[in-house]
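Here is a walk through a four-chain complex, from the overall fold of one chain to the contacts between chains and then a few local spots. Have the viewer open as you read.

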Protein chains: 4
Amino acid sequence: MKTIGVVTTGGDAPGMNAAIRAVTRIAHWKGLTVVGFERGWEGLITNTFRQLTPRNVGGIIQLGGTILHTARCLEFKTLEGQEKAVKTLNEHNVEGLIVIGGDGSFRGALELSKICNIQMIGIPATIDNDVYGTDETIGFDTAANTAVMEIDKIRDTAISHERIFIVEVMGRERGFLASVVGVTVGAEVIIVPESHCSFDDVVKTLRENTRKGKRAGIIVAAEGCGKVSEMAKTIEEETKSEVRLTILGYVQRGGTPTARSRLLASLFAEKAVELLCENQGNRVVGLLNGKISSIALEESCGNSKPVDTSLLRINEMLSI
Amino acid sequence: MKTIGVVTTGGDAPGMNAAIRAVTRIAHWKGLTVVGFERGWEGLITNTFRQLTPRNVGGIIQLGGTILHTARCLEFKTLEGQEKAVKTLNEHNVEGLIVIGGDGSFRGALELSKICNIQMIGIPATIDNDVYGTDETIGFDTAANTAVMEIDKIRDTAISHERIFIVEVMGRERGFLASVVGVTVGAEVIIVPESHCSFDDVVKTLRENTRKGKRAGIIVAAEGCGKVSEMAKTIEEETKSEVRLTILGYVQRGGTPTARSRLLASLFAEKAVELLCENQGNRVVGLLNGKISSIALEESCGNSKPVDTSLLRINEMLSI
Amino acid sequence: MKTIGVVTTGGDAPGMNAAIRAVTRIAHWKGLTVVGFERGWEGLITNTFRQLTPRNVGGIIQLGGTILHTARCLEFKTLEGQEKAVKTLNEHNVEGLIVIGGDGSFRGALELSKICNIQMIGIPATIDNDVYGTDETIGFDTAANTAVMEIDKIRDTAISHERIFIVEVMGRERGFLASVVGVTVGAEVIIVPESHCSFDDVVKTLRENTRKGKRAGIIVAAEGCGKVSEMAKTIEEETKSEVRLTILGYVQRGGTPTARSRLLASLFAEKAVELLCENQGNRVVGLLNGKISSIALEESCGNSKPVDTSLLRINEMLSI
Amino acid sequence: MKTIGVVTTGGDAPGMNAAIRAVTRIAHWKGLTVVGFERGWEGLITNTFRQLTPRNVGGIIQLGGTILHTARCLEFKTLEGQEKAVKTLNEHNVEGLIVIGGDGSFRGALELSKICNIQMIGIPATIDNDVYGTDETIGFDTAANTAVMEIDKIRDTAISHERIFIVEVMGRERGFLASVVGVTVGAEVIIVPESHCSFDDVVKTLRENTRKGKRAGIIVAAEGCGKVSEMAKTIEEETKSEVRLTILGYVQRGGTPTARSRLLASLFAEKAVELLCENQGNRVVGLLNGKISSIALEESCGNSKPVDTSLLRINEMLSI
């Protein structure tokens, strides 16, 4: 293998730049040339790229976002678009393509792998942590810390005003982020899509808290549950206490990556380049049982990662 | 003067605890006793209080919120409620009352001052910075920094995805916070209630930016302008580019106070206690022309502080 | 089991309070009473304690340090001191003792376990990460992030002035912290006690960097290597470039714990209480292969945890 | 005036990039061309420069350090060096030069002004805040906040271990930074070069604190006082308590600028360009009595700014 490509697709995640840097430098160390395609799949279709060298990826390890940009690309969903992408890759003599992104990105890579012989490697990077084949994705730890630091601030007001706050965190359809954030901010209640949680239960818990002398409280809700403003109204009516709602939103997607997000990015990148050098393609790297490893791309795309619901059970005890 | 009272009312602001600590310690240094009333005016009506001593205000300088709590109090708006408050103050032999809060708090203090001889001193503490008689309120600098750090994160995503983000910041009916935040995050457009800003102008600016090669952008809008989701839709339709909306919300109200918010809190407190020791009551302390000073409580309540619109003009040049 | 004790000993670490909170609440959920001993082993000797309840451990999850305090205790190193400690524990009918700390703390617990029937459980909490039986200790992730955020700031000056900075990070005799921090700040060189690193090699690397056009650089050195000021002088003389030295120091020990340090604290605490409820004592809980587990106290005390030197090898590629 | 130059000299300070951006964009708005010289005076001597345009100063408002770099330059201290600098400026047809830096930088500008007709404008940017003619310099607020956030972390350990910590903060020969940091972290003692402070006084205060029940304490010392390790030893011997020392060092010089540092940078830049457009040269812009203003360059260089020692007096009361 002489030339590899790199692309970031899907939503940005903190640590993508650390991964781009690590892929580039490790590939160069091993004698490979690296082409970075811009704006996700769009760059493969339009042949928008830049050569990545050890020097031009300097000074980016600490930056949020992705210097290669990312974008939605409808054309890539068509066979025609995918064939254009393969043509571009062939023009650059790309033999291996590293796709940094989430499960949608990997499904795209899987499609590509079916119409060409280029080896695909997925590096999981999304704040949602919803990629099968890894216990943790690049960016997840950063987003969790951002949300925790925000909710620590909100708690100041919750306690000062003795109010209930509902805080909606990201996570798309899944509750990975909400679970970890809920436990680590000391939430009274955590609401995730994977676990049935009736408004009645929430109201009951809050009433018990009042009896225990807890005058303030934080409810962490995953965006995948929807209906947070309806929930705020119901709780307000039922508990006769003031309820405030904050949707943390896009701040969770940016910011300088944490040490852990940077470390995962570096280790995943090393594994990805190593796999390509060994001609093992169509795999997704990941952290499994505390070790850097990889599974087949097809397996990652074909399975849904379960949320660790034991966190919810533990939080019931922690919020006693 | 032998005994003074302290109360925090209205919305909490970072630095209120630094002010409580400073009032308590400086008052003790000068031989005074300090009674802290809890939950704003409610504590005066219900006689809920704690003695404040140099030791029990230790370790709070860095905490957001207010250890004395704060709350809305409808009863205090009635003469009957105010008379209960005066009765409580008299029972404690309080000769001077330091009210830490915003303009609503000071109007409450003004009402009280009309039915008793207790000297009222206002210490301006609100993230909105909308208090007449001071160039800056306790908490404003902290909220500005919180908003700026958040928007710095959002910019990562804005640039990576080459999108427009509208970010709504707090400030109630006023644009103090939005103006400073807008200039210091490098916003393309700042929208405040004090300045007419048509959607047409915003759209025009964004179109020009596209021509200049700016593919991403941040619009900072004060909550007092309202209609941000409508604005997002209009801009999306008119510019044919994706627009995202984030409402920063309550994170701006909490968090550890900045050096400046703590410093103002300490200096305002010193001035407040000094005024009481000199038997100069019914005043609001503040920062005017770079100096710690004070104006009459009545003057502060009767006037509206103007926003420095030169910031908007300067930002037009800065976002060229 | 009806009553358990908790103590924090050795150097403080961010997340100790989250662990105290979690132990207390989970123990109460399971019907146990919790006694917190103050100032480490000293509190066991002098019978200085406080009852810990779900309410009085509220609002501490986000605090650095330890509300139970910690201290050196020479008397505990004597048999007489240890017997006093056992006497205290017996007076409180403590059947299980949870010791939150590092390897020195666990050796103390092991000594105690030899002269009484109280079940000892160690919860590893130290920023040094040097506890055998766990891949990660409470506080390590926080200290790593603190060091990384500091060095990100130092890099601004390193690049602006085009200078070499040597930054000494904590870790006592070991290089766990320096390895992770070095990789995640993008250090040119990482120096740890576990790997021979001659000044000559460092100078050689820096000279090569100059040839490559790198005009600034960060060297991360573990405190266990010693001699950083000597190193600074040597490098300055040999490379004829200005070298600056910063010893990060105690800032790495404090601060609000990260999401991960809080999560580990909560999960370790749950495991610790569960072990006691199952009458499995004299164990150290930990994270092994990505799972919460435990090993024998004696095994933890009798072994030295190896540093993952593959990080150094990877960093050579990353700093190409 | 058609062309202006910009240079950053002396130690870097957070907000320098915000100033470079603001100078460039406002100058372009007013029809001027901007040349940025690199590595301080060295760039003027060697004619190392880059054209600054509204687009190439985008995305830097939040960056610490200076994109123009800075360096010591011995040659510039000679008349020959200064004449080379003038020659370079003339080659570029520079009619006005904006010097972003501290008092040493302004003395350099004053020297230049004596041998050419180019209008010099100083923009004060240094974390030391020791520039005559402005109440605050760009970067000071950021450095103060960095030091405060660090010491907040150190306090966790100070309280947990009930120890005295001496923390040395920057400020060169002056106590501006130490004074503000000391008051805002709640230091027991603040030691600055401008105020006589005997070790005896410090020991006396600490002994009194022990009597009052204060078991931990923070002493903030300005680097200009020197001898902190000697002080640590003396205090340890005299008070028989453990004393720890941390030198905050270079972290105070970097990092993303605060809202206030960015705002000052923008407002100073606007004033600087305005002065040049009005052909008012050889001035230093600043914040005086809460207003953006300017004084003669010669006046700024010829005077020493006094430290506000009232902060020390207030801190005596605050640390009661």
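Let's settle one term before anything else: two residues are in contact if their C-beta atoms, placed from the backbone, lie within 7 Å. By that yardstick, take the contacts in chain A with a separation of 6 or more: 77% of them come from residues 24 or more positions apart.

A word on where this comes from. The model is predicted, so to speak of local features a pLDDT of at least 70 is needed and side-chain atom pairs count only at pLDDT 80 or more, while totals for chains, interfaces and linings use all residues. Residues are numbered from 1 along each chain as its sequence is written, and chains are lettered from A and ligands numbered from 1 in the order in which they are written.

**Confidence and overall build**

The predictor's confidence in each residue is the pLDDT, running from 0 to 100. Chain A averages 96 on that scale, and 100% of its residues score at least 70. For the complex, the predictor gives an ipTM of 0.97 and a pTM of 0.98.

Chain A has 11 helices and 11 strands. These are DSSP runs numbered from the N terminus: helices are H or I with at least four residues, strands are E with at least two. Along the principal axes, the C-alpha atoms of chain A fill a box of roughly 70 × 35 × 35 Å. The radius of gyration, taken over C-alpha atoms, can be held against a globule rule of 2.2 Å times the number of residues to the power 0.38. For 320 residues a compact globule would come out near 20 Å, and chain A, at 22 Å, agrees with that.

As for burial, a residue is buried if 20 or more other C-beta atoms lie within 10 Å of its own, exposed if 12 or fewer, and partly exposed in between, with C-beta atoms placed from the backbone. Buried residues make up 61% of the 320 residues in chain A.

**How the chains meet**

Which chains does chain B touch, and which pairs stay apart? Here are four of the pairs:

| Pair | Contact or gap |
|---|---|
| Chain A and chain B | 27 residues from chain A, 27 residues from chain B |
| Chain D and chain B | 34 residues of chain D, 34 residues of chain B |
| Chain B and chain C | no contact; closest C-alpha atoms 11 Å apart |
| Chain A and chain D | no contact; nearest C-alpha atoms 11 Å apart |

Start with the 27 residues that chain A brings to its contact with chain B. The elements giving two or more residues to that side are α5 (140-161) and β9 (243-247) of chain A, and α5(A) gives the most, with 9 residues. That side divides into 7 nonpolar, 12 polar and 8 charged residues. In this split, Ala, Val, Leu, Ile, Met, Phe, Trp, Tyr, Cys and Pro count as nonpolar, Asp, Glu, Lys and Arg as charged, and the others, Gly among them, as polar.

Now the side of chain D that touches chain B, with its 34 residues. Here α1 (16-29), α5 (140-161), α6 (176-185), α9 (259-277) and α11 (310-318) of chain D each supply at least two residues. The most come from α9(D), with 6 residues. The division is 15 nonpolar, 11 polar and 8 charged.

Copies are superposed by least squares on the C-alpha atoms of residues with pLDDT of at least 70 in both. A rotation of 180° with 0.0 Å of shift along its axis lays chain A on chain B, RMSD 0.0 Å. The two copies are thus related as by a two-fold rotation axis. The same surface serves both: 100% of the contact residues of chain A recur in chain B. Chain D also goes onto chain B with a turn of 180°, a shift of 0.0 Å along the axis and an RMSD of 0.0 Å. Again the same surface serves both copies, with 100% of the contact residues of chain D recurring in chain B.

**A strand in chain B**

Strand β10 (residues 283-288) of chain B has 5 of its 6 residues buried, so it is largely enclosed by the rest of the structure. Two strands pair if DSSP finds at least two bridges between them. With strand β5 (residues 119-124) of chain B, β10(B) pairs in the parallel sense over 2 bridges, and B:R283 in β10(B) is the bridge partner of B:I121. With strand β11 (residues 291-296) of chain B, β10(B) pairs in the antiparallel sense over 6 bridges; there B:V285 has B:S294 as its bridge partner. β10(B) and β11(B) form a hairpin with 2 residues between them, and B:N289 in the turn has a positive phi of about 50°.

**A spot on chain C**

C:D201 sits in helix α7 (residues 199-212) of chain C. With 12 C-beta neighbours inside 10 Å, C:D201 counts as exposed.
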